[in-house]
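I opened this entry to keep track of what I looked up in one model. The notes follow the order in which I went through it.

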Amino acid sequence: MDAAAVPSNLTDIAAINGTLQALLATIMVNMITVNYPPSAEVPDKAEYDVIIVGAGSAGSALARRLADSGCFNVLLVEAGGDPEIQPPGLFILFTGGAQDWDYHAENNGWACQAQNNAQIGHTRGKMLGGCSCLDHLIFIRGSSKIFDDWEKMGNEGWNWENCFEYFKRIEDIKDPKILNSDTLKYHGQSGPMVLTPTTNKNFSEKGRFHVEML
Ligand SMILES: Cc1cc2nc3c(=O)[nH]c(=O)nc-3n(C[C@H](O)[C@H](O)[C@H](O)COP(=O)(O)OP(=O)(O)OC[C@H]3O[C@@H](n4cnc5c(N)ncnc54)[C@H](O)[C@@H]3O)c2cc1C
């Protein structure tokens with residue numbers, strides 16, 4: 001092969017690869033676009049018992065629980081719009097776009113010195129659902145020590161024994177290995193969050209036992 005032809009061939013392959021990726025992304029975006037209901041109108045002088053700023057994972061769950069209680073009139077405010085697509089696995093398409101706050105780390109003279117401007121991007125979701133609409137959908141519970149340490153730091157009641165019950169309540173575990181094992185007692189089966197086994201090959205067999213996909 002002519003040595004001079006190699007760089008140009010590589011450039012061609014990169015260009016074709018880029019075009020195919022963009023085409024695939026467009027097809028997938030169109031396939032999985034979701035129509036969300038319109039945002040609520042907030043009339044002048046409206047009053048609310050609770051106003052939650054930020055409809056991310058925490059804000060949305062909190063708003064839902066408070067509204068479901070029937071005791072509170074709740075306003076949930078979000079800076080971003082509806083998610084353009086529902087991933088899963090397409091989080092990469094959001095990076096740096098309108099639905100990413102697109103934060104960058106400061107150059108502290110130490111970290112990220114190999115990056116452009118010695119800064120690394122810090123993706124954060126700016127849309128209904130917040131980061132949960134562009135995250136990797138991996139579900140890993142912390143170890144009991146982490147939660148017990150929270151309480152030791154002065155957060156009364158935030159120990160593993162208490163938090164564990166809430167984890168169980170949100171889970172609907174579908175992993176056949178767990179369903180047929182003694183560890184089933186550590187999981188819930190009637191919560192709103194369906195958990196399936198990960199297919200990610202980066203996790204070892206043992207690791208996959210602790211990692212589930214939303
Ligand atoms: C790329 C990426 C991958 C991740 N992967 C995983 C994973 O696989 N598994 C996992 O468990 N976790 C993952 N995470 C972490 C997880 O998604 C977040 O910890 C979690 O979603 C944070 O929830 P939150 O409600 O605290 O904040 P956010 O979800 O960030 O919500 C904050 C919301 O507030 C809004 N907001 C901010 N300022 C204002 C304002 N002034 N007015 C109105 N609205 C405002 C934002 O737009 C946003 O919607 C990932 C995170 C990222 C960024």
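**Contacts of L128**

I began with L128 and left out residues up to four places away in sequence. L128 touches Y36, A55, E78, G80, D82 and P83. I note here that the model is a predicted one.

I then looked for L128 in the nonpolar cores. L128 belongs to the largest nonpolar core, which has nine residues in all. The other members are A55, A63, L76, L93, F94, M127, C133 and L134. I asked where this core lies with respect to domain 1 (48-77) and domain 2 (84-136). Both domains give residues to the core, so it lies between them.

**Ligand shell**

Next I went to the ligand. I listed 25 residues around the ligand, and G54, G56, G130, D135 and H136 come nearest. I sorted the shell by class and got 11 nonpolar, 10 polar and four charged residues.

Which helix gives the largest share of the shell? I found that it is helix α2 (residues 57-68), with three residues. I also checked the shell against the domain bounds. Domain 1 (48-77) and domain 2 (84-136) both give residues to the shell, so the ligand shell lies between them.

**Helix α2**

I checked the length of α2 against its residue count. Its 12 residues, at 1.5 Å a residue, should span 16 Å, and I find the end C-alpha atoms 17 Å apart, which agrees. Just after α2, G70 has a positive phi of about 75°.

**Positive phi outside glycine**

I then looked for positive phi in residues other than glycine and noted D102 and N117. D102 has a phi near 55°. I place D102 in the loop between β2 (74-77) and β3 (103-104). Is D102 buried, partly exposed or exposed? I count 15 C-beta neighbours inside 10 Å, so D102 is partly exposed.

N117 has a phi near 60°, and N117 is not a glycine either. I find N117 in the loop between β3 and β4 (121-122). N117 has 9 other C-beta atoms within 10 Å and is therefore exposed, the cut-off being 12 or fewer.

**Helix α5**

I moved on to helix α5 (residues 176-179), which holds I178. I178 has 19 other C-beta atoms within 10 Å; burial takes 20 or more, so I178 stays partly exposed. Setting aside residues up to four places away in sequence, I list I173, T183, L184 and H187 as the residues that I178 touches.

P176 also lies in helix α5. With 10 other C-beta atoms within 10 Å, P176 is exposed.

I took C-alpha to C-alpha distances from both residues to P197. I178 and P197 are 9.3 Å apart in space and 19 residues apart in sequence. P176 and P197 are 8.2 Å apart in space and 21 residues apart in sequence.

**Whole chain**

Last, I took the totals. I count six helices and eight strands in the chain. Along the sequence they follow the pattern α-β-α-β-β-β-β-α-α-β-α-β-α-β.

How many of the 214 residues count as buried? I get 12%. For contacts between residues at least 6 apart in sequence, I find that 44% join residues at least 24 apart.

Note on methods. Residues are numbered from 1 along each chain as its sequence is written. This is a predicted model: local features need pLDDT of at least 70, side-chain atom pairs count only at pLDDT 80 or more; totals for chains, interfaces and linings use all residues. A residue is near a molecule or strand if its C-beta atom, placed from the backbone, lies within 6 Å of it. Helices (H or I, at least four residues) and strands (E, at least two) are DSSP runs, numbered from the N terminus. Ala, Val, Leu, Ile, Met, Phe, Trp, Tyr, Cys and Pro count as nonpolar, Asp, Glu, Lys and Arg as charged, and the others, Gly among them, as polar. Domain bounds come from an automatic or database domain assignment. Two residues are in contact if their C-beta atoms, placed from the backbone, lie within 7 Å. A nonpolar core is a set of buried Ala, Val, Leu, Ile, Met, Phe, Trp, Tyr and Cys residues joined through C-beta atoms within 7 Å. The expected span of a helix is 1.5 Å times one less than its number of residues.
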